[in-house]
Amino acid sequence: MSNGDDEVLITKQKLDREKDAAIAIKIASELTDEHEIVSEELIRTHELKMETINLSHWYGDKQVLSGISLPMFKNRVTAIIGASGCGKSTFLRDLNRMNDLISSARIAGQVLLDDQDIYEKNVDLNQLRKRIGMVFQKANPFAMSIENNIAYGPYVHGINEKEFPRIIEGCLRKAVLWTEVKDRLGDTALSLSGGQQQRLCIARALSVEPEVILFDEPCSALDPHATAKIEDLITKLKEEYTVVIVTHNMQQAARVSDYTAFFNLGELIEFNRTKKIFSSPERKMTEEYISGRFG
Ligand SMILES: Nc1ncnc2c1ncn2[C@@H]1O[C@H](COP(=O)(O)OP(=O)(O)OP(=O)(O)O)[C@@H](O)[C@H]1O
Ligand SMILES: [Mg+2]
């Protein structure tokens with residue numbers, strides 16, 4: 001590609017960002033602001049499901065998160081936004097110790113789930129990941145039947161097989177996939193469309209009765225129609241679960257989240273009610289980001 005093509009592409013991306021930002025600000029401005037903005041008092045009195053305290057993260061010598069203290073409220077959706085490489089996925093993976101699998105990864109600080117530090121020595125990782133499920137950017141169903149994708153987790157956790165049909169139907173219903181697949185439960189999951197595969201991954205995450213669900217850009221590979229279905233689903237899920245979602249799409253953050261955390265270069269720049277972040281952020285950098293001027 002010539003330099004001229006590069007410039008056209010960069011200008012187009014910038015315009016797209018600004019358009020996304022303008023619509024996001026409009027969506028957020030129409031949110032009903034039934035809750036007070038975040039304050040020490042609110043954090044003390046509202047039910048916290050998870051909380052990071054001064055969380056820092058390194059890969060080898062490279063520090064990618066610096067002293068992040070973030071509350072995540074029960075039955076609420078918290079969105080994490082910020083430019084590529086600012087540490088969103090690293091932060092999300094620290095919330096259920098997925099980064100333990102990376103040998104160079106090291107953390108300092110605390111990650112509390114119901115007031116218990118998940119990095120304490122005696123924590124059972126299988127049990128932890130049962131309580132905190134995760135859905136990734138690219139749908140990753142197992143290469144097995146639709147029903148077995150859901151039954152796998154309960155099987156591993158020793159649930160009686162008689163329960164499987166009830167669990168399979170229940171999870172597929174919650175993931176709004178049941179009517180589309182109920183007559184083909186034995187088909188391979190790989191025969192589903194991208195959007196259906198992502199809803200199957202959500203159903204799979206629900207199968208072990210988690211308390212928190214982490215989503216890392218769950219819609220970035222989906223078309224607008226499939227995206228809308230997942231967003232509706234996330235909004236429903238918060239009635240039962242606590243949700244944390246990383247998204248590049250500011251409209252999505254404005255549509256689905258109650259609280260938004262803006263990260264930059266591994267730091268938490270601002271955290272507040274989503275409406276407040278998008279309508280009157282306190283920091284200039286947040287304002288520049290949400291208006292699409294960088295990122
Ligand atoms: N396994 C790893 N080893 C070394 N460095 C890593 C590893 N994973 C991520 N990083 C680095 O850590 C920083 C944060 O990465 P991370 O994936 O958390 O960012 P992100 O905000 O999710 O970005 P994106 O929006 O592009 O997904 C980046 O500089 C990245 O290159
Ligand atoms: Mg990421």
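**Getting to know helix H9 and its surroundings**

Modeller: In this predicted model, the buried residues of H9 are Thr227, Ile230, Ile234 and Leu237.

Biologist: What makes a residue such as Ile230 buried?

Modeller: A residue needs 20 or more other C-beta atoms within 10 Å of its own C-beta, so Ile230, listed as buried, passes that cut-off.

Biologist: How do you know which side of H9 they are on?

Modeller: They cover an arc of only 85 degrees around the axis, which puts them on the same side of H9. Pro224 and His225, on the other side, are exposed. The buried side packs against strands E3, E7 and E8 and helices H8 and H10.

Biologist: How do you know that the span of H9 agrees with its number of residues?

Modeller: H9 has 14 residues (224–237), and at 1.5 Å a residue they should span 20 Å. The end C-alpha atoms are 20 Å apart, so the two values agree.

Biologist: Which residues does Val243 contact beyond its neighbours in sequence?

Modeller: Leaving aside those within four places, Val243 is in contact with Val77, Ile213, Phe215, Ile234, Leu237 and Lys238. Ile234 and Leu237 are also among the buried residues of H9. In the largest nonpolar core, of 68 residues, Val243 is one of those that touch the most other members. Helix H8 gives this core its largest share, six residues.

Biologist: And what classes of residue make up the shell around ligand 1?

Modeller: The shell has four nonpolar, seven polar and one charged residues. Helix H3 (residues 88–94) gives the most, with three. Among the residues around ligand 1 are Tyr59, Lys88 and Ser104.

Notes: Residues are numbered from 1 along each chain as its sequence is written. Chains are lettered from A and ligands numbered from 1 in the order in which they are written. This is a predicted model: local features need pLDDT of at least 70, side-chain atom pairs count only at pLDDT 80 or more; totals for chains, interfaces and linings use all residues. Helices (H or I, at least four residues) and strands (E, at least two) are DSSP runs, numbered from the N terminus. The expected span of a helix is 1.5 Å times one less than its number of residues. A residue is buried if 20 or more other C-beta atoms lie within 10 Å of its own, exposed if 12 or fewer, and partly exposed in between; C-beta atoms are placed from the backbone. The arc is that of the directions from the helix axis to the C-beta atoms. Two residues are in contact if their C-beta atoms, placed from the backbone, lie within 7 Å. A residue is near a molecule or strand if its C-beta atom, placed from the backbone, lies within 6 Å of it. Ala, Val, Leu, Ile, Met, Phe, Trp, Tyr, Cys and Pro count as nonpolar, Asp, Glu, Lys and Arg as charged, and the others, Gly among them, as polar. A nonpolar core is a set of buried Ala, Val, Leu, Ile, Met, Phe, Trp, Tyr and Cys residues joined through C-beta atoms within 7 Å.
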